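Thanks for sharing this one. Here are a few friendly notes on the aromatic side chains, for you to read alongside the coordinates.

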Amino acid sequence: MARVKKKATKKERKKNKWWLALVLAVLVLGGYTWYVYWQQLKEAKKARFAYYPSFGVKVPIGYGIHGIDVSSYQEYIFWPGVRQMKDKDIKLQFVFIKATEGLSGADKQFKHNWQSAKDVGITRGAYHFFLATKSGRQQAINFINTVKLEKGDLPPVLDVEDLYGVNPLVMRAEVKEWLQTVEAAYKVRPVIYSFADFYTNSLGKEFDDYPLWVAHYIDQSKPKIKRDWLFWQHSDAGKVNGITTKVDFDVFGGDSTAFAGLLIK
């Protein structure tokens, strides 16, 4: 006599559905992980073979220490290529790396850039992109939680370049909160980054005691700003081996002794 097939119980059917859902989830996650890894490999390969015969911009004469600043805009960077690039007697000795923006989260390339720059021997610094519509203190905490400064690093930097419709008085108060919170955490005075006109018109004398990294692309000899400055971003159109996009170029305004004295002790 043929045996009648026993029907699956409700409990067994539910269990089978869970197993099927788990298998599908594992397959989807595995596929996504492989896709992300494959994309990273493509970006790494593209950056590795990005080569330029020169920097592609007019480099100001009379300055001995040159650098760049980067963020996730530059995508994946092949740092050995950056380190090895040299045009005549000019090589890149420092980099400012975007760490955070606003209240939460780090730049998606920060961990890679932060560690890799150190690995190849380029002096590194980290900056926070400031949103005037948000709490200065909370933005500072985001930066502090993300960036662990070490001996030999550059001081922390606040990148402030837009009011976003906020009253300048309110913006300046939040900027002070960020600067004071960060200085208390790292025991070192932060650097302010801003465009020359924005600094003059929206920040001004209240912050003249802070070191300045100024952006100004017109004059080829020095930035047009009345106060002293430490760093000058003189171009946003440089080309560097290991980087597939254009990149900002900077110079330090002093000599090697002054540069060494600026670093975290």
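The points below go through ring pairs, burial and charges over rings.

1. A word on the source: this is a predicted model, so please read the distances and angles below as computed from it. Aromatic contacts are a good place to begin, since the structure holds 19 aromatic pairs.

2. Take Phe94 and Phe259, whose rings are 6.0 Å apart centre to centre with 40° between the planes, a tilted pair. Phe94 belongs to strand β3 (residues 90-101) and Phe259 to helix α7 (residues 256-262), so this contact ties together parts that are 165 residues apart in sequence. Both partners are buried: the relative accessible area is 1% for Phe94 and 8% for Phe259.

3. Tyr193 and Phe195 give you another geometry. Their ring centres are 6.0 Å apart and the planes meet at 70°, so the pair is edge-to-face; the cut-off for that class is over 60 degrees. Here burial is mixed: Tyr193 is buried at 5% relative accessibility, whereas Phe195, at 29%, is partly exposed.

4. You may want to view these two pairs together. Ring pairs link Phe94, Phe259, Tyr193 and Phe195 into a cluster whose members also include Phe96, Tyr127, Trp213, Tyr217, Phe231 and Phe252.

5. Finally, two arginines deserve a look. Arg124 places its charged end over the ring of Trp114, at 3.9 Å from the ring centre. Likewise, the charged end of Arg189 sits over the Tyr210 ring, 4.1 Å from its centre.

Technical notes. Residues numbered from 1 in each chain as written. Predicted model: local features only at pLDDT ≥ 70, side-chain atom pairs only at ≥ 80, totals over all residues. Heavy atoms only, no water. Phe/Tyr/Trp six-rings, centres within 6.5 Å; stacked < 30°, edge-to-face > 60°. Helix = DSSP H or I, 4+ residues; strand = E, 2+ residues; numbered from the N terminus. Buried < 20%, exposed > 50% of the residue type's maximum accessible area, 1.4 Å probe, protein only. Lys NZ or Arg CZ within 6 Å of the ring centre and 35° of its normal.
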